Amino acid sequence: MAEPEWMQEVRALVGKEYGRVYAWDPVNAPMIRQWCELMGTEVPTDEAGKVLAPPAMLQVWCMEGPVPNNYPPGSTTENPYEALKLIEAQGFASVVAVNSELSFERYVREGEKLYYTTRLDSVGEQKTTGLGTGYFVTLIMSYFSIAAAGGQDEKVGELLFRVFKFRPANPVKPAAKADAAAAPKAIPRSAPGISDDTRFFWDGARAGKLLIQRCKGCGTLRHPPGPVCPHCHSFDWDTVEASGLGTVYSFVVMHYPEVPPFEYPNPVGLIELDEGTRLVAQIVGAKSGDIQIGQRVKVEFNAFNDGELVLPQFRPVAP
Ligand code: ZN
C-alpha cells in the first residue's frame with residue numbers, strides 16, 4: 001500500500017536522537033532499598049558486600065518526581081514523542097504499549113550519576129490488528145553513567161519501548177437521530193471479564209455463595225483467582241465457601257468524577273475475609289464518613305443490569 005504523504009515527515013524523524021534527561025539524584029542506597037522492598041527482592045551486593053542497584057531499576061533513576069515534566073537542570077526540553085504527535089494528528093488517536101525490553105551492560109553502583117537519551121528507532125508500515133489500524137513505533141532510551149572529569153561517559157543499559165498508535169476498529173458511532181429523541185436508557189454496570197479461572201467466583205455469587213479458590217496441593221487459599229498456586233505451584237484447585245464475614249482492611253471513597261451508574265459518594269473497600277484472603281468490593285449501607293478500618297462487615301449479593309450481574313457487596317455489622 002502506498003504511504004500517505006504525511007508519513008514522509010514521520011519517516012524523516014526515524015533515527016533522530018533526543019537530548020539528555022538527567023537523574024535528579026545519584027544512584028543511592030535508600031532508593032535501592034525501598035525499590036527492593038516494594039518488589040519483594042533482596043538488595044544485590046557485590047563480593048565485597050557493597051550495594052549494587054538492581055538492573056531492572058534502571059529506568060527509575062531518571063524519572064521525574066511527583067510533579068509532571070519537572071526534570072533536572074540541563075535536561076532536554078525536546079519532545080521525544082513528536083512522531084506520535086504527527087501520527088495522532090492524522091486521526092490515529094489511540095495508543096497501547098506493546099512491549100518494553102530492558103538490556104544491561106553492567107551493574108550500576110552507589111554514587112553514579114545517570115542520564116538517558118532517546119532515539120526514534122523505527123516506525124512500521126501501516127498495520128491492522130484486532131484493535132484497529134495504525135503504526136508500531138519503537139523508541140530506544142540509552143542510559144549512561146557520567147564519567148569523572150576527562151573520562152568518557154559509559155553506556156550502562158538500554159530500554160526499548162514500543163507502542164501501537166492506532167485508529168480504533170470500532171469507534172463509537174454518533175447516535176442516530178431517531179435514538180436522540182428516545183428516553184435515555186439506564187446505563188448498566190460494567191460487567192467483569194470472566195475467564196475459565198474466574199468463572200467459579202461469579203457463578204458462586206449468582207448462587208449466593210462467596211467462594212474462595214483453594215490449592216489442592218497445599219490447601220492455601222488465594223484471591224484473586226488464578227491458575228497456579230503461588231505457594232506450591234500446583235495447578236489443582238477447588239473452592240471453599242467463605243462465611244461472608246470480614247473486616248475493612250482499607251477503603252477509599254470515590255467522590256469525583258461522578259460516573260454513572262454509581263451513586264456518590266461511593267465507598268469501595270478492600271475486605272479481609274475471616275478466612276484470610278482479601279477482595280475489593282463496594283461497601284453498602286454506610287455513610288461514607290462512618291466507615292472505619294477494622295469495621296466488621298458481612299457479604300450480601302445484589303443484582304444489577306436487570307438481574308444479569310450479581311455482585312458481592314459488604315454491609316457493616318455490629319462488632
Ligand atoms: Zn499450593
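Which residues are buried in helix 2 (residues 29–39)? They are Ile32, Trp35 and Cys36. Keep in mind as you look around that this is a predicted model.

**A helix with two sides**

Let's stay with helix 2 for a moment. If you look down its axis, the buried residues fall within an arc of 95°, so they line one face of the helix. That buried set packs against strand 2 (52–53). Turn to the other side of helix 2 and you meet Glu37 and Leu38, which are exposed.

The ends of this helix are worth a look too. At the N-terminal end, Asn28 acts as a cap: one of its side-chain oxygens lies 3.0 Å from the backbone nitrogen of Met31. Just after helix 2 comes Gly40, which takes a positive phi of about 75°.

**The zinc site**

Now move along the chain to the zinc ion. Which residues coordinate the zinc ion? Cys215, Cys218, Cys229 and Cys232 do the job, each through its SG atom, at 2.3 to 2.4 Å. Along the chain, these donors follow the spacing C-x2-C-x10-C-x2-C. The angles among the 4 donor atoms run from 99 to 114°, and the site is tetrahedral. The label fits because four donors count as tetrahedral if all angles lie between 85 and 135 degrees.

How do Cys215 and Cys218 compare with a residue from elsewhere in the chain, Lys185? Here are their relative accessible areas:

| Residue | Relative accessible area | Label |
|---|---|---|
| Cys215 | 2% | buried |
| Cys218 | 34% | partly exposed |
| Lys185 | 76% | exposed |

The labels follow from the cut-offs, because buried means under 20% and exposed means over 50%, with partly exposed in between. So Cys215, at 2%, is buried, while Cys218, at 34%, is partly exposed.

**Domains and a loop**

Zooming out, the protein chain is divided into domain 1 (6–168) and domain 2 (199–316). Taken over C-alpha atoms, the centres of domain 1 and domain 2 are separated by 38 Å.

Where does Lys185 sit? You'll find Lys185 in the loop between helix 4 (177–181) and helix 5 (199–206). Lys185 is exposed, with a relative accessible area of 76%. To get a feel for distance, try finding Asn69 as well: Lys185 and Asn69 are 116 residues apart along the chain, and 42 Å separate their C-alpha atoms.

Technical notes
Residues numbered from 1 in each chain as written. Predicted model: local features only at pLDDT ≥ 70, side-chain atom pairs only at ≥ 80, totals over all residues. Heavy atoms only, no water. Donors = N, O, S within 2.8 Å, 3.2 Å for Na, K, Ca; no water. Tetrahedral: all angles 85-135°; square planar, octahedral: opposite > 155°, others 65-115°. Buried < 20%, exposed > 50% of the residue type's maximum accessible area, 1.4 Å probe, protein only. Helix = DSSP H or I, 4+ residues; strand = E, 2+ residues; numbered from the N terminus. Arc of directions from axis to C-beta. Contact = heavy atoms within 4.5 Å. Polar contact = N/O pair within 3.5 Å; in protein donor to acceptor, adjacent residues only side chain to side chain. Domains from an automatic or database assignment.
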